[in-house]
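Here's a friendly walk through a protein model for someone meeting it for the first time. Take a look at the sequence and the fold, and then we'll go through a few spots together.

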Amino acid sequence: MIFLCLNLGSQKEKEKIRDVVNLNKVLRIHEQDTGVLSMQAGIRIRSKDDLAEAYTPGVGELAKLIETDESAKNKYTLSGKLVALVTDGTAVLGLGNIGPAGGLPIVEGKALIYKQFSGVDALPLAINPVPIAEFVETIKNIAKSFAGIHLEDIAAPRCFEIEDKLKAALDIPVYHDDQTGTAIVVLAALINAARLVDKPITELRVLMHGVGASGLATAKLLYRFGITQLTLVDIHGKITEKDTRYNHYQRKFSAKIQQGQGQSLDELITGQDVFIGLSDRDVLSVQQVRRMTEDCIVFALANPRPEIAPDLAKAAGVKIMATGSSQYPNQVNNLLVFPGLFKGLLETHLKTVDEGLQIKVAQALSHLTVKPKVDNLIANVFDEGVVDTVVSAVKAYASDK
(Lines give C-alpha, C1' and ligand atoms only; values in the text may rest on other atoms or scores of the structure.)
Protein backbone atom coordinates (compact mmCIF):
# COMPACT_ATOMS: atom_id res chain seq x y z
CA MET A 1 0.00 0.00 0.00
CA ILE A 2 1.30 3.44 -0.94
CA PHE A 3 0.47 6.50 1.10
CA LEU A 4 0.66 9.95 -0.45
CA CYS A 5 1.36 12.88 1.84
CA LEU A 6 0.02 16.13 0.38
CA ASN A 7 0.55 19.70 1.48
CA LEU A 8 -2.98 21.04 0.98
CA GLY A 9 -2.05 24.65 1.63
CA SER A 10 -4.65 27.20 2.66
CA GLN A 11 -8.09 26.49 4.08
CA LYS A 12 -9.67 27.61 0.79
CA GLU A 13 -7.52 25.12 -1.12
CA LYS A 14 -8.58 22.37 1.28
CA GLU A 15 -12.23 23.27 0.77
CA LYS A 16 -11.75 23.24 -3.00
CA ILE A 17 -10.22 19.75 -2.89
CA ARG A 18 -12.99 18.52 -0.58
CA ASP A 19 -15.58 19.93 -2.98
CA VAL A 20 -14.06 17.93 -5.85
CA VAL A 21 -14.26 14.73 -3.81
CA ASN A 22 -17.87 15.47 -2.87
CA LEU A 23 -18.75 16.30 -6.47
CA ASN A 24 -17.42 12.97 -7.68
CA LYS A 25 -19.60 11.16 -5.15
CA VAL A 26 -22.62 13.27 -6.03
CA LEU A 27 -22.15 12.52 -9.72
CA ARG A 28 -21.92 8.77 -9.08
CA ILE A 29 -25.10 8.78 -6.99
CA HIS A 30 -27.08 10.75 -9.55
CA GLU A 31 -25.70 8.89 -12.57
CA GLN A 32 -26.25 5.30 -11.50
CA ASP A 33 -30.02 5.44 -12.01
CA THR A 34 -30.18 8.58 -14.19
CA GLY A 35 -31.34 10.84 -11.39
CA VAL A 36 -32.75 10.04 -7.96
CA LEU A 37 -36.39 9.40 -8.92
CA SER A 38 -38.35 6.83 -10.88
CA MET A 39 -42.01 6.06 -11.50
CA GLN A 40 -43.43 3.05 -9.69
CA ALA A 41 -46.59 1.12 -10.56
CA GLY A 42 -49.41 1.31 -8.03
CA ILE A 43 -50.81 -2.10 -9.00
CA ARG A 44 -49.53 -5.26 -10.68
CA ILE A 45 -50.86 -6.48 -14.03
CA ARG A 46 -50.72 -10.28 -14.00
CA SER A 47 -53.61 -11.30 -16.23
CA LYS A 48 -55.95 -10.17 -19.00
CA ASP A 49 -58.54 -9.35 -16.36
CA ASP A 50 -56.06 -7.10 -14.57
CA LEU A 51 -55.24 -5.43 -17.88
CA ALA A 52 -58.90 -4.90 -18.68
CA GLU A 53 -59.52 -3.24 -15.31
CA ALA A 54 -56.36 -1.14 -15.20
CA TYR A 55 -56.38 -0.14 -18.85
CA THR A 56 -58.74 -0.92 -21.71
CA PRO A 57 -61.70 -1.35 -21.72
CA GLY A 58 -62.10 -0.35 -18.05
CA VAL A 59 -60.52 3.07 -18.36
CA GLY A 60 -63.03 3.96 -21.06
CA GLU A 61 -65.83 3.77 -18.54
CA LEU A 62 -63.76 5.71 -16.03
CA ALA A 63 -63.01 8.37 -18.63
CA LYS A 64 -66.73 8.82 -19.33
CA LEU A 65 -67.42 9.11 -15.60
CA ILE A 66 -64.82 11.84 -15.22
CA GLU A 67 -66.17 13.59 -18.32
CA THR A 68 -69.48 14.10 -16.51
CA ASP A 69 -67.91 14.81 -13.11
CA GLU A 70 -64.44 16.32 -13.42
CA SER A 71 -63.87 16.25 -9.65
CA ALA A 72 -63.87 12.44 -9.86
CA LYS A 73 -60.37 12.60 -11.35
CA ASN A 74 -59.06 13.50 -7.90
CA LYS A 75 -60.45 10.23 -6.53
CA TYR A 76 -59.60 7.87 -9.37
CA THR A 77 -56.38 9.23 -10.93
CA LEU A 78 -52.92 10.29 -9.86
CA SER A 79 -53.99 13.93 -10.18
CA GLY A 80 -55.61 13.71 -6.75
CA LYS A 81 -52.25 13.32 -5.02
CA LEU A 82 -49.57 14.60 -7.41
CA VAL A 83 -47.76 17.91 -6.79
CA ALA A 84 -46.06 19.84 -9.61
CA LEU A 85 -42.61 21.00 -8.51
CA VAL A 86 -41.96 23.90 -10.90
CA THR A 87 -38.77 25.88 -11.47
CA ASP A 88 -37.22 28.19 -14.03
CA GLY A 89 -33.87 28.16 -12.22
CA THR A 90 -33.60 31.95 -12.11
CA ALA A 91 -32.90 32.31 -8.39
CA VAL A 92 -31.24 29.35 -6.70
CA LEU A 93 -30.07 30.37 -3.23
CA GLY A 94 -26.30 30.73 -3.24
CA LEU A 95 -26.03 29.89 -6.95
CA GLY A 96 -28.15 32.56 -8.63
CA ASN A 97 -29.59 32.29 -12.15
CA ILE A 98 -28.51 28.85 -13.35
CA GLY A 99 -31.39 28.31 -15.77
CA PRO A 100 -34.21 25.75 -15.90
CA ALA A 101 -31.96 22.78 -16.70
CA GLY A 102 -29.60 23.76 -13.88
CA GLY A 103 -32.59 23.99 -11.56
CA LEU A 104 -33.76 20.43 -12.30
CA PRO A 105 -31.49 18.68 -9.74
CA ILE A 106 -32.89 20.98 -7.04
CA VAL A 107 -36.54 20.15 -7.71
CA GLU A 108 -35.73 16.49 -8.28
CA GLY A 109 -34.06 16.38 -4.87
CA LYS A 110 -37.08 18.05 -3.30
CA ALA A 111 -39.38 15.54 -4.97
CA LEU A 112 -37.28 12.78 -3.40
CA ILE A 113 -37.60 14.43 0.01
CA TYR A 114 -41.36 14.76 -0.42
CA LYS A 115 -41.69 11.05 -1.16
CA GLN A 116 -39.27 9.77 1.48
CA PHE A 117 -40.35 11.94 4.39
CA SER A 118 -44.08 12.44 3.84
CA GLY A 119 -45.16 10.04 1.10
CA VAL A 120 -46.23 12.92 -1.16
CA ASP A 121 -45.74 12.32 -4.89
CA ALA A 122 -44.16 15.29 -6.69
CA LEU A 123 -43.12 15.69 -10.33
CA PRO A 124 -40.15 17.97 -11.16
CA LEU A 125 -40.88 20.38 -14.02
CA ALA A 126 -38.44 22.87 -15.59
CA ILE A 127 -39.93 25.76 -17.54
CA ASN A 128 -38.05 28.35 -19.54
CA PRO A 129 -38.06 31.82 -17.89
CA VAL A 130 -40.65 33.15 -20.30
CA PRO A 131 -42.72 36.31 -19.64
CA ILE A 132 -44.95 36.10 -16.58
CA ALA A 133 -48.22 35.82 -18.49
CA GLU A 134 -46.86 32.94 -20.58
CA PHE A 135 -45.42 31.20 -17.52
CA VAL A 136 -48.75 31.44 -15.70
CA GLU A 137 -50.65 30.21 -18.75
CA THR A 138 -48.33 27.21 -19.03
CA ILE A 139 -49.07 26.14 -15.45
CA LYS A 140 -52.79 26.77 -15.87
CA ASN A 141 -52.82 24.58 -18.99
CA ILE A 142 -51.37 21.57 -17.16
CA ALA A 143 -52.97 22.14 -13.75
CA LYS A 144 -55.67 19.48 -14.15
CA SER A 145 -52.95 16.84 -13.77
CA PHE A 146 -52.04 18.02 -10.27
CA ALA A 147 -53.36 18.42 -6.74
CA GLY A 148 -51.06 21.33 -5.97
CA ILE A 149 -48.31 23.57 -7.34
CA HIS A 150 -44.96 23.98 -5.58
CA LEU A 151 -42.96 26.89 -7.05
CA GLU A 152 -39.20 26.80 -6.59
CA ASP A 153 -36.17 29.03 -7.31
CA ILE A 154 -38.00 31.70 -9.32
CA ALA A 155 -36.50 35.19 -9.14
CA ALA A 156 -38.17 38.15 -7.48
CA PRO A 157 -40.22 40.10 -8.28
CA ARG A 158 -41.63 37.79 -10.99
CA CYS A 159 -42.18 35.03 -8.42
CA PHE A 160 -44.59 37.24 -6.44
CA GLU A 161 -46.70 38.02 -9.46
CA ILE A 162 -46.65 34.42 -10.72
CA GLU A 163 -47.79 33.13 -7.35
CA ASP A 164 -50.55 35.74 -7.02
CA LYS A 165 -51.90 35.08 -10.52
CA LEU A 166 -51.86 31.29 -10.08
CA LYS A 167 -53.61 31.51 -6.71
CA ALA A 168 -56.34 33.60 -8.31
CA ALA A 169 -56.71 31.28 -11.30
CA LEU A 170 -56.48 27.79 -9.74
CA ASP A 171 -58.57 25.90 -7.22
CA ILE A 172 -55.60 23.98 -5.82
CA PRO A 173 -52.85 25.04 -3.38
CA VAL A 174 -50.09 27.18 -4.87
CA TYR A 175 -47.05 27.37 -2.63
CA HIS A 176 -43.69 29.10 -3.18
CA ASP A 177 -41.23 27.27 -0.97
CA ASP A 178 -38.45 29.84 -1.16
CA GLN A 179 -40.82 32.36 0.37
CA THR A 180 -43.16 30.47 2.65
CA GLY A 181 -41.10 27.47 3.72
CA THR A 182 -38.07 29.63 4.47
CA ALA A 183 -40.09 32.16 6.46
CA ILE A 184 -41.69 29.44 8.59
CA VAL A 185 -38.46 27.67 9.50
CA VAL A 186 -36.60 30.93 10.25
CA LEU A 187 -39.37 32.06 12.59
CA ALA A 188 -39.42 28.65 14.30
CA ALA A 189 -35.66 28.76 14.90
CA LEU A 190 -35.72 32.40 16.01
CA ILE A 191 -38.44 31.67 18.60
CA ASN A 192 -36.10 29.14 20.22
CA ALA A 193 -33.01 31.32 19.81
CA ALA A 194 -34.72 34.19 21.62
CA ARG A 195 -35.57 31.81 24.46
CA LEU A 196 -31.94 30.73 24.74
CA VAL A 197 -30.53 34.26 24.91
CA ASP A 198 -33.37 35.32 27.22
CA LYS A 199 -34.54 38.21 25.07
CA PRO A 200 -38.18 38.94 24.16
CA ILE A 201 -38.47 38.03 20.51
CA THR A 202 -40.54 41.09 19.66
CA GLU A 203 -37.79 43.36 21.00
CA LEU A 204 -35.01 41.86 18.89
CA ARG A 205 -33.22 44.09 16.42
CA VAL A 206 -32.93 42.03 13.26
CA LEU A 207 -30.86 42.73 10.16
CA MET A 208 -31.91 40.83 7.05
CA HIS A 209 -29.20 40.52 4.39
CA GLY A 210 -30.62 39.44 1.04
CA VAL A 211 -34.16 40.60 0.40
CA GLY A 212 -35.22 38.57 -2.60
CA ALA A 213 -38.15 36.17 -2.48
CA SER A 214 -37.07 34.30 0.66
CA GLY A 215 -35.70 37.34 2.48
CA LEU A 216 -38.75 39.52 1.92
CA ALA A 217 -41.20 36.76 2.85
CA THR A 218 -39.22 36.03 6.01
CA ALA A 219 -39.13 39.72 6.96
CA LYS A 220 -42.90 39.97 6.43
CA LEU A 221 -43.60 36.96 8.63
CA LEU A 222 -41.31 38.23 11.40
CA TYR A 223 -43.11 41.57 11.22
CA ARG A 224 -46.51 39.86 11.40
CA PHE A 225 -45.24 37.99 14.48
CA GLY A 226 -44.42 41.30 16.17
CA ILE A 227 -40.77 41.99 15.28
CA THR A 228 -40.83 45.57 14.01
CA GLN A 229 -37.14 46.54 14.38
CA LEU A 230 -36.12 45.12 11.03
CA THR A 231 -33.37 46.40 8.75
CA LEU A 232 -33.33 45.25 5.12
CA VAL A 233 -29.96 45.16 3.38
CA ASP A 234 -28.58 43.81 0.10
CA ILE A 235 -25.37 44.30 -1.88
CA HIS A 236 -26.23 47.97 -2.47
CA GLY A 237 -27.01 48.74 1.17
CA LYS A 238 -30.22 49.53 3.03
CA ILE A 239 -33.45 49.15 1.10
CA THR A 240 -35.66 52.23 1.36
CA GLU A 241 -39.06 53.24 0.07
CA LYS A 242 -37.74 55.82 -2.37
CA ASP A 243 -34.86 53.80 -3.85
CA THR A 244 -35.96 52.86 -7.38
CA ARG A 245 -33.33 50.13 -7.65
CA TYR A 246 -35.75 47.94 -5.70
CA ASN A 247 -39.09 46.48 -6.73
CA HIS A 248 -42.31 47.90 -5.34
CA TYR A 249 -42.79 44.91 -3.03
CA GLN A 250 -39.48 45.68 -1.28
CA ARG A 251 -40.06 49.43 -1.18
CA LYS A 252 -43.60 49.12 0.16
CA PHE A 253 -42.56 46.84 3.01
CA SER A 254 -39.49 48.92 3.92
CA ALA A 255 -41.81 51.84 4.72
CA LYS A 256 -43.51 49.82 7.50
CA ILE A 257 -40.52 48.90 9.62
CA GLN A 258 -38.12 50.56 12.07
CA GLN A 259 -34.82 50.37 10.20
CA GLY A 260 -31.42 51.07 11.70
CA GLN A 261 -29.34 54.19 11.13
CA GLY A 262 -26.83 54.12 8.29
CA GLN A 263 -26.68 52.80 4.74
CA SER A 264 -24.09 50.03 4.35
CA LEU A 265 -24.02 46.65 6.07
CA ASP A 266 -20.87 47.74 7.85
CA GLU A 267 -22.70 50.73 9.38
CA LEU A 268 -25.99 48.97 10.07
CA ILE A 269 -24.63 45.84 11.76
CA THR A 270 -23.63 47.76 14.89
CA GLY A 271 -25.99 47.00 17.78
CA GLN A 272 -28.00 44.34 15.95
CA ASP A 273 -29.20 41.35 17.98
CA VAL A 274 -29.75 39.12 14.94
CA PHE A 275 -28.24 38.72 11.49
CA ILE A 276 -30.29 36.66 9.04
CA GLY A 277 -28.52 36.00 5.75
CA LEU A 278 -30.33 34.74 2.69
CA SER A 279 -27.82 36.03 0.21
CA ASP A 280 -24.32 34.81 -0.63
CA ARG A 281 -21.16 33.43 0.89
CA ASP A 282 -18.70 35.46 2.97
CA VAL A 283 -20.64 38.73 3.15
CA LEU A 284 -20.38 39.04 6.95
CA SER A 285 -16.98 39.63 8.53
CA VAL A 286 -15.58 38.81 11.95
CA GLN A 287 -15.13 42.52 12.63
CA GLN A 288 -18.78 43.19 11.87
CA VAL A 289 -19.95 40.37 14.13
CA ARG A 290 -17.96 41.85 17.00
CA ARG A 291 -20.04 45.03 16.74
CA MET A 292 -23.30 43.17 17.25
CA THR A 293 -24.82 42.88 20.75
CA GLU A 294 -23.70 40.44 23.39
CA ASP A 295 -25.17 36.95 22.93
CA CYS A 296 -25.96 37.77 19.32
CA ILE A 297 -27.64 35.38 16.89
CA VAL A 298 -26.45 34.67 13.35
CA PHE A 299 -28.47 32.68 10.83
CA ALA A 300 -26.15 32.43 7.80
CA LEU A 301 -28.44 30.47 5.50
CA ALA A 302 -26.88 30.77 2.05
CA ASN A 303 -26.08 27.45 0.40
CA PRO A 304 -23.76 25.82 -0.37
CA ARG A 305 -21.53 28.25 1.61
CA PRO A 306 -22.85 30.47 4.44
CA GLU A 307 -22.47 34.24 4.77
CA ILE A 308 -19.84 33.59 7.45
CA ALA A 309 -18.14 30.34 8.43
CA PRO A 310 -19.51 29.00 11.75
CA ASP A 311 -16.09 28.68 13.38
CA LEU A 312 -15.29 32.32 12.58
CA ALA A 313 -18.66 33.50 13.86
CA LYS A 314 -18.32 31.57 17.11
CA ALA A 315 -14.81 32.90 17.67
CA ALA A 316 -16.13 36.44 17.15
CA GLY A 317 -18.68 36.04 19.93
CA VAL A 318 -21.83 34.68 18.29
CA LYS A 319 -23.97 32.93 20.89
CA ILE A 320 -26.22 31.00 18.50
CA MET A 321 -25.09 30.10 15.01
CA ALA A 322 -27.23 28.43 12.38
CA THR A 323 -26.75 27.68 8.69
CA GLY A 324 -28.80 26.18 5.88
CA SER A 325 -26.44 23.22 5.59
CA SER A 326 -26.55 19.77 7.16
CA GLN A 327 -22.75 19.96 7.57
CA TYR A 328 -23.11 22.05 10.74
CA PRO A 329 -25.27 22.05 13.89
CA ASN A 330 -28.56 23.97 13.69
CA GLN A 331 -29.62 23.48 10.10
CA VAL A 332 -32.37 26.02 9.40
CA ASN A 333 -33.73 24.82 6.09
CA ASN A 334 -37.18 24.73 4.56
CA LEU A 335 -36.93 20.96 4.14
CA LEU A 336 -38.27 20.88 7.72
CA VAL A 337 -41.47 22.45 6.43
CA PHE A 338 -42.56 21.54 2.94
CA PRO A 339 -43.00 17.73 3.19
CA GLY A 340 -45.43 17.96 6.11
CA LEU A 341 -47.00 21.21 4.96
CA PHE A 342 -48.10 19.91 1.58
CA LYS A 343 -49.20 16.60 3.08
CA GLY A 344 -51.39 18.61 5.44
CA LEU A 345 -52.75 20.72 2.58
CA LEU A 346 -53.69 17.63 0.58
CA GLU A 347 -55.37 15.97 3.56
CA THR A 348 -57.33 19.05 4.64
CA HIS A 349 -58.02 20.50 1.16
CA LEU A 350 -56.83 23.92 2.31
CA LYS A 351 -56.15 26.10 -0.72
CA THR A 352 -53.89 28.81 0.73
CA VAL A 353 -50.96 29.06 3.13
CA ASP A 354 -51.70 32.42 4.77
CA GLU A 355 -49.58 34.06 7.46
CA GLY A 356 -51.80 32.69 10.22
CA LEU A 357 -51.06 29.13 9.10
CA GLN A 358 -47.37 29.94 8.69
CA ILE A 359 -47.16 31.13 12.31
CA LYS A 360 -49.07 28.08 13.52
CA VAL A 361 -46.61 25.75 11.79
CA ALA A 362 -43.58 27.75 12.98
CA GLN A 363 -44.75 27.59 16.59
CA ALA A 364 -45.39 23.86 16.32
CA LEU A 365 -41.90 23.27 14.92
CA SER A 366 -40.28 25.38 17.63
CA HIS A 367 -42.15 23.54 20.39
CA LEU A 368 -41.04 20.19 18.99
CA THR A 369 -37.63 20.93 20.51
CA VAL A 370 -38.68 20.93 24.15
CA LYS A 371 -35.31 22.06 25.52
CA PRO A 372 -33.40 23.89 22.77
CA LYS A 373 -29.66 24.20 23.21
CA VAL A 374 -26.99 26.34 21.59
CA ASP A 375 -26.08 23.51 19.21
CA ASN A 376 -29.53 21.92 19.13
CA LEU A 377 -31.75 24.84 18.28
CA ILE A 378 -34.42 23.20 16.18
CA ALA A 379 -35.45 19.71 15.13
CA ASN A 380 -33.50 17.82 12.51
CA VAL A 381 -35.35 16.55 9.47
CA PHE A 382 -34.49 13.00 10.58
CA ASP A 383 -36.00 13.52 14.03
CA GLU A 384 -39.13 11.52 14.69
CA GLY A 385 -42.28 13.58 14.55
CA VAL A 386 -41.25 16.48 12.31
CA VAL A 387 -43.65 15.73 9.47
CA ASP A 388 -46.45 14.66 11.84
CA THR A 389 -46.02 17.88 13.83
CA VAL A 390 -46.38 20.03 10.71
CA VAL A 391 -49.35 18.00 9.44
CA SER A 392 -51.06 18.30 12.83
CA ALA A 393 -50.53 22.08 12.84
CA VAL A 394 -52.11 22.35 9.38
CA LYS A 395 -55.07 20.21 10.46
CA ALA A 396 -55.56 22.24 13.64
CA TYR A 397 -55.53 25.46 11.65
CA ALA A 398 -57.95 24.06 9.08
CA SER A 399 -60.38 22.95 11.79
CA ASP A 400 -60.49 26.50 13.16
CA LYS A 401 -61.27 28.05 9.77
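Which residues does Lys140 touch, not counting residues up to four places away in sequence? Keep in mind that this is a predicted model. The contacts of Lys140 are Leu166, Ala169 and Leu170. You'll find Lys140 in helix 6, which covers residues 132-142. With a relative accessibility of 35%, Lys140 counts as partly exposed. Glu161 sits 21 residues from Lys140 along the chain, and 14 Å separates the C-alpha atoms of the two.

Now for the sheets. One is an open sheet of four strands, ordered 2-1-3-4, with parallel pairing. Strand 2 (121-126) and strand 4 (174-176) are at the edges with a single partner strand each, so one side of each has no neighbour in the sheet. On average, neighbouring strands here are turned by 25 degrees against each other, direction ignored.

The other is an open sheet too, built from six strands in the order 7-6-5-8-9-10, and its pairing is mixed. At its edges are strand 7 (237-238) and strand 10 (320-323), each pairing on one side only.

How do strands hold on to each other in general? Strands of a sheet pair through backbone hydrogen bonds, in a parallel or antiparallel way. Here are two pairs from this model, one from each sheet:

| Strand pair | Sense | Bridges | Facing residues |
|---|---|---|---|
| Strand 1 (residues 82-87) and strand 2 | parallel | six bridges | Val86 and Leu125 |
| Strand 5 (residues 206-209) and strand 6 (residues 230-234) | parallel | four bridges | His209 and Val233 |

Next, the helices that pack on these sheets. Helix 5 (residues 99-118) lies across strand 1, strand 2, strand 3 (148-152) and strand 4, and runs at about 175 degrees to strand 2. Helix 8 (residues 177-197) touches strand 3 and strand 4, with its direction at about 70 degrees to that of strand 4.

Helix 8 turns up at the six-stranded sheet as well: it lies across strand 8 (274-277), strand 9 (297-300) and strand 10, running at about 155 degrees to strand 9. Helix 9 (residues 213-225) packs on this sheet too, touching strand 5, strand 6 and strand 8, and makes about 160 degrees with the direction of strand 5.

One last stop is on the surface. Ile43, Ile45, Leu51 and Tyr55 make a nonpolar patch of about 430 Å². Is Ile43 buried or exposed? Its relative accessibility is 55%, so Ile43 counts as exposed. Ile43 belongs to the loop between helix 1 (11-32) and helix 2 (48-54).

Note on methods: Residues numbered from 1 in each chain as written. Predicted model: local features only at pLDDT ≥ 70, side-chain atom pairs only at ≥ 80, totals over all residues. Heavy atoms only, no water. Pairing = 2+ DSSP bridges. Helix = DSSP H or I, 4+ residues; strand = E, 2+ residues; numbered from the N terminus. Axes fitted to C-alpha atoms, helices over the stretch in contact; angles between N-to-C directions. Contact = heavy atoms within 4.5 Å. Patch = residues over 30% accessible without salt bridge, like charges linked within 9 Å, V, L, I, M, F, W, Y side chains within 5 Å. Areas by Shrake-Rupley, 256 points an atom, 1.4 Å probe, with all protein chains shown as cover. Salt bridge = Lys/Arg side-chain N within 4 Å of Asp/Glu carboxyl O. Buried < 20%, exposed > 50% of the residue type's maximum accessible area, 1.4 Å probe, protein only.
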